[in-house]
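Hi there,

Here is the structure I promised to pass on. Have a look at it first, and then read on for what I found in it.

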Amino acid sequence: MATVNQPATGIAWEQPADLSSRQAQKRLGPAAVKGFLKIRELWELRDEDARAIAGRRLQRAFYELKRKARGTLDQDRLTRISILDGNFQSLKHSL
């Protein structure tokens with residue numbers, strides 16, 4: 001029988017994070033930003049394309065996140081980045 005390791009964020013796989021919670025947003029935001037920027041780099045996305053994926057309202061904040069590589073994200077952006085990460089993981093494991 002396989003066991004599932006607890007992720008570093010402290011959120012169990014059996015119970016998804018409540019991305020509407022400010023506490024979850026603060027806890028997950030920095031890792032989400034770092035992961036998003038890494039995927040952006042690996043896929044060689046232009047800033048315009050990365051902003052479109054993360055949500056157009058991110059225009060000015062995008063460059064701040066890019067410069068600092070950390071931050072708190074709202075539910076919409078965490079959801080978008082989570083979907084992007086899921087796609088990235090699926091593609092990585094299908095090769």
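Leaving aside its neighbours within four places in sequence, which residues is Q25 in contact with? Please keep in mind while you look that this is a predicted model. Q25 touches L19 and S20 on one side of the sequence, and T72, L73, D74, Q75 and L78 further along. Q25 belongs to helix α1, and it counts as buried because its relative accessibility is 5%. The side chain of Q25 also makes a polar contact of 2.8 Å with the side chain of R22.

**The overall picture**

The protein has four helices and zero strands, so you will not find a sheet anywhere, given that the secondary structure is made up of helices under the DSSP assignment. Along the sequence the pattern reads α-α-α-α. Of the 95 residues, 28% are buried. The accessible surface is about 6900 Å², and carbon and sulfur atoms account for 52% of that. Among contacts with a separation of 6 or more, 55% are between residues 24 or more positions apart.

**Helix α1**

Helix α1 covers residues 22-42. Just at its start, a side-chain oxygen of S21 comes to within 3.2 Å of the backbone nitrogen of Q23. What about the length of α1? At 1.5 Å a residue, its 21 residues should span 30 Å, and the end C-alpha atoms lie 29 Å apart, so the two values agree.

The helix does have a kink, of about 40°, at L28, and the proline P30 comes shortly after it. L28 is also one of the buried residues of α1; the others are A24, Q25, G29, A32, V33, F36, L37, I39 and R40. When you look at that list on the model, one general point may help: an α-helix has 3.6 residues a turn, so residues three or four places apart point the same way.

A31 is another α1 residue worth a look. With 47% relative accessibility, A31 counts as partly exposed, because the cut-off for exposed is over 50%. A31 and G71 are 40 residues apart in sequence, yet their C-alpha atoms are 8.7 Å apart in space.

**The loop after α1**

Which residue with a positive phi follows α1? That is E44, with phi near 55°, a positive value in a residue other than glycine. E44 sits in the loop between α1 and α2, the latter being residues 47-54. E44 counts as exposed because its relative accessibility is 69%.

**Salt bridges**

How many salt bridges does the structure hold? There are five, and I will go through some of them here. As background, side chains of opposite charge can pair when their charged atoms come close.

- R40 pairs with D47, with the closest N and O atoms 2.4 Å apart. Both partners are buried: R40 has a relative accessibility of 15%, and D47 has a relative accessible area of 18%.
- R46 and D49 form a salt bridge through their side chains, at 3.1 Å from N to O. D49 is partly exposed, at 27% relative accessibility.
- R80 and D76 meet at 3.0 Å, again N to O. These two are four residues apart in helix α4 (residues 75-94), which means that about one helical turn separates them. D76 is partly exposed, with 31% relative accessibility.

**R80 and its surroundings**

R80 lies in helix α4. Is R80 buried, exposed or partly exposed? It is partly exposed, because its relative accessible area is 33%. Not counting residues up to four places away in sequence, R80 touches A52, I53, A54 and G55. One of these, A54, is 26 residues from R80 along the chain, and the C-alpha atoms of the two are 6.1 Å apart.

If you open the model with a short list in hand, I would start with Q25 and its contacts, including L73 and L78, then go to the kink at L28, and finish with R80 beside its salt-bridge partner D76.

Happy browsing, and best wishes

Technical notes:
Residues are numbered from 1 along each chain as its sequence is written. This is a predicted model: local features need pLDDT of at least 70, side-chain atom pairs count only at pLDDT 80 or more; totals for chains, interfaces and linings use all residues. Side-chain values use heavy atoms; hydrogens and water are left out. Buried means under 20% relative accessible area, exposed over 50%, partly exposed in between (1.4 Å probe, protein chains only). A polar contact is a pair of N or O atoms within 3.5 Å; within protein, one must be able to donate a hydrogen and the other to accept it, and residues adjacent in sequence count only if both atoms are side-chain atoms. Contact means heavy atoms within 4.5 Å. A salt bridge is a side-chain nitrogen of Lys or Arg within 4 Å of a carboxyl oxygen of Asp or Glu. The expected span of a helix is 1.5 Å times one less than its number of residues. The bend at a residue is the angle between axes fitted to the seven residues ending there and the seven starting there. Accessible areas come from the Shrake-Rupley method with a 1.4 Å probe; for residues, only the protein chains shown count as cover.
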